[in-house]
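Here is a short note to help you find your way around this structure. Have the sequence and the 3D view open as you read, and take the points in order.

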Amino acid sequence: MDFQAPTIDYAGLSPVIALTAGLCIVLLVGLFRTAPGFMPALTLSVLAITAGLCIWQWGENESLVEGALQLDELGLAAALIAIFAAAVATILSIREPSAQDAGQGAFGALLLGSVLGMVILAQAQNLLSFFIGLELLSIPLYVLCASAIRRERSLESGLKYLVIGSVGSATLLYGFALLYGATGSTEFGAIAQALGSGGLADDSLVLIGTAMICVGLAFKLSLAPFHQWTPDVYQGAPTPVTAFMAVATKAAAFVALVRLFQVALGPVADDWNTALAAIAVISIAVGNVGALGQDSVKRLLGYSGVAQAGYMLAGVVVATQTGVEALVFYLAAYCLMNLAIFVAVVVRERETDRGDDISAFEGIGRSRPWIAWPLTIGVLALAGLPGTSGFIAKLFLIEATVEADYTWLGVAIVIGTMVSLAYYLRILSAVWIKDEPAPAQPPLPAIAGGGPLARLDGLEEGSADVSCPKGSAGPLGAYRCALVVGAGVICAAATVAFGVYPDPLVDWATTAAESLAPTL
Amino acid sequence: MDMSWYLVLSALLFATGAVGVLIRRSPLVILLCLELMLNAGNLALITFSRTLGDEEGQVFALIVMVIAACEVVIGLGIIVAAYRRRIPLNVDELRALRG
């Protein structure tokens, strides 16, 4: 049998190659004893190089490796969001107990592996590369969730995520098998051609396959009614991992969803858009109601993530270019505002012994303005208040739904947003209205710094205008603390900036959406 | 031989796996049932590949086997870590995270 090697465009593949090489380097260097802060710096530089290569390839539009991957702005946009989220998660993980347990090298390598999966998933143009990307994204995340191996909750969340994630993958795989059987190909273009030639829209294989693909992806995207794992896993996982998981997974999986449904399954859009619209409305309702009574901020963000995924799904349902544009804008805005909140959660988790409970945020408006303001801006943006990018993002989404005659979906988004104010404002009232509770005993130093020295430092510093976690005292202390708080401030500043002057981000989203246009 | 029987078998395997994940309590058995679900997908892929006379499905199935192995390794690793921490190996009792 003749075998022809595929032609490979190494320039187009360079982000994937850089991430793979960087992953191996980080993993191997992590085996040696290095100065503290070296491994995160190495991970960050790999991410920076990959981001640079993505920007270099921006504007290219071609098929890579015989149609396995599609290089276009849409995929690169998702890759850039994932890389940004991974960079913030790396900064948050410096001296984090979970990363210490796993070893900073292994932690960084797992994070890079997950980003690699996201880049592949966002560019996948073939069922096979789609599945590989999805698993490459998920499997390192299972380990990262369980990486605080001494904490029972972390292990529990890792196990739960593994079981539920794998059920989702298996369902998705079965759906792919049926779709392959019906159309005779695994390539998106060929599938669309087979489906478009008629006669297959009512085919039972296609219908069951599409339904199973919807279910499998809904598990991954934490859409209701397949969301039950989300709050548990968000709460149990180490906070930097939760931050990464919440924003980056959504970006990559939503872009992949758009590509799969609009390129491959586009010809049978009538089969799936009502189902997806129903899932979107259920997610909005379940997420917003579920978040109401939560005391743990990470759980609350988990439920809010379910609702936000419902909003974003509206951008896929409408199946127009405006919809994709609104979706990409929403993903970028969501990334910034969520990370701003998670920075505050990480800082307070180390400063107090109350973990991520809402009471840990009481009174920080006065004592910790540098954390309180990014948190406030992030929460207001999630609620969609004007002046933040969250408002613009919701505006675009609602515009897209109205334009495509899905006005009722737009109404669902508005009602969901109104309900969501109840729990978002609860966080803000804790931050700005309540007083900081007087500690019954001296506050425990965070686990991170460890040792009696850190405890002494923490007490001596007092709590007045120190915006750093006390446990961070050490050679890396001040530097690390500036990085963490700085990341939060940058995310919040960008949220406000894109809320006041959204044009650059709109242009970016439009370019990304247009790269899919020939197939719409 | 009619290929559709292979599909029926794969659908039964998938259903067995899904029911097993839902009703069994031991994480080890749940992992086994997950394998069953993935292998049901493999069987369907290979059947279709044979029917269509196209190799892509077989390549897909081979790669899925590798992925399934990865998942089991991670799952067993977490279970061993949980066992060492004396966490009960019964998913009904894993409820530190609730609310």
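**Notes for a first look**

1. Let us begin with helix α17 of chain A, residues 389-403. At 1.5 Å a residue, its 15 residues should span 21 Å, and the end C-alpha atoms are indeed 21 Å apart, so expectation and model agree. Please keep in mind throughout that this is a predicted model.

2. Staying with α17(A), which of its residues are buried? They are Ser389(A), Gly390(A), Ile392(A), Ala393(A), Lys394(A), Phe396(A), Leu397(A), Ile398(A), Ala400(A) and Thr401(A). Just after this helix, Asp405(A) has a positive phi of about 65°.

3. Next, have a look at helix α7 of chain A, which covers residues 152-183. Its 32 residues should span 46 Å at 1.5 Å a residue, and the distance between the end C-alpha atoms, 46 Å, agrees with that. Of the 32 residues in α7(A), 30 are buried, so the rest of the structure largely encloses this helix. Just after α7(A) comes Gly184(A), with a positive phi of about 80°.

4. Now for the place where the two chains meet. The contact draws 33 residues from chain A and 33 residues from chain B. On the chain A side, the elements giving two or more residues are α6 (127-145), α7 and α10 (229-236). Which of the elements gives the most to that side? It is α7(A), with 18 residues. By type, the chain A side consists of 18 nonpolar, nine polar and six charged residues.

5. Chain B itself can be described briefly. It has three helices and zero strands, so to read it from the N terminus is to follow the order α-α-α. Of its 99 residues, 36% are buried. Among the contacts in chain B with a separation of 6 or more, 49% join residues 24 or more positions apart.

6. Back in chain A, helices α13 (residues 297-317) and α14 (residues 321-351) make a good pair to view together. They pack at an angle of about 170°, and their axes are 9 Å apart. How are the two helices oriented, roughly parallel or roughly antiparallel? With an angle over 145 degrees, α13(A) and α14(A) are roughly antiparallel to each other.

7. To see that packing residue by residue, start from α13(A), whose contacting residues include Val297(A), Leu301(A), Met312(A) and Val316(A). On the α14(A) side, the contacting residues include Val324(A), Leu327(A), Tyr330(A), Ile341(A) and Val345(A). The residues of this contact divide into 12 nonpolar, three polar and one charged.

8. The largest nonpolar core has 228 residues, and those with the most contacts inside it are Ile81(A), Ala82(A), Ala85(A) and Ala252(A). The element that gives the most to this core is α14(A), with 22 residues. Ala252(A) is worth picking out in the viewer: leaving aside neighbours within four places in sequence, its contacts are Ala78(A), Ala82(A), Met118(A), Leu121(A), Ala122(A) and Leu137(A).

9. Finally, find Val485(A), which sits in helix α20 of chain A, residues 477-500. Is Val485(A) buried or exposed? It has 20 C-beta neighbours inside 10 Å, and therefore counts as buried. The C-alpha atom of Val485(A) is separated by 7.1 Å from that of Val343(A), although the two residues are 142 residues apart along the chain.

Note on methods:
Residues are numbered from 1 along each chain as its sequence is written. Chains are lettered from A and ligands numbered from 1 in the order in which they are written. This is a predicted model: local features need pLDDT of at least 70, side-chain atom pairs count only at pLDDT 80 or more; totals for chains, interfaces and linings use all residues. Helices (H or I, at least four residues) and strands (E, at least two) are DSSP runs, numbered from the N terminus. The expected span of a helix is 1.5 Å times one less than its number of residues. A residue is buried if 20 or more other C-beta atoms lie within 10 Å of its own, exposed if 12 or fewer, and partly exposed in between; C-beta atoms are placed from the backbone. Two residues are in contact if their C-beta atoms, placed from the backbone, lie within 7 Å. Ala, Val, Leu, Ile, Met, Phe, Trp, Tyr, Cys and Pro count as nonpolar, Asp, Glu, Lys and Arg as charged, and the others, Gly among them, as polar. Axes are lines fitted to C-alpha atoms, for helices over the stretch in contact, and angles run from 0 to 180 degrees between N-to-C directions. Angles under 35 degrees count as roughly parallel, over 145 as roughly antiparallel, 65 to 115 as roughly perpendicular and the rest as oblique. A nonpolar core is a set of buried Ala, Val, Leu, Ile, Met, Phe, Trp, Tyr and Cys residues joined through C-beta atoms within 7 Å.
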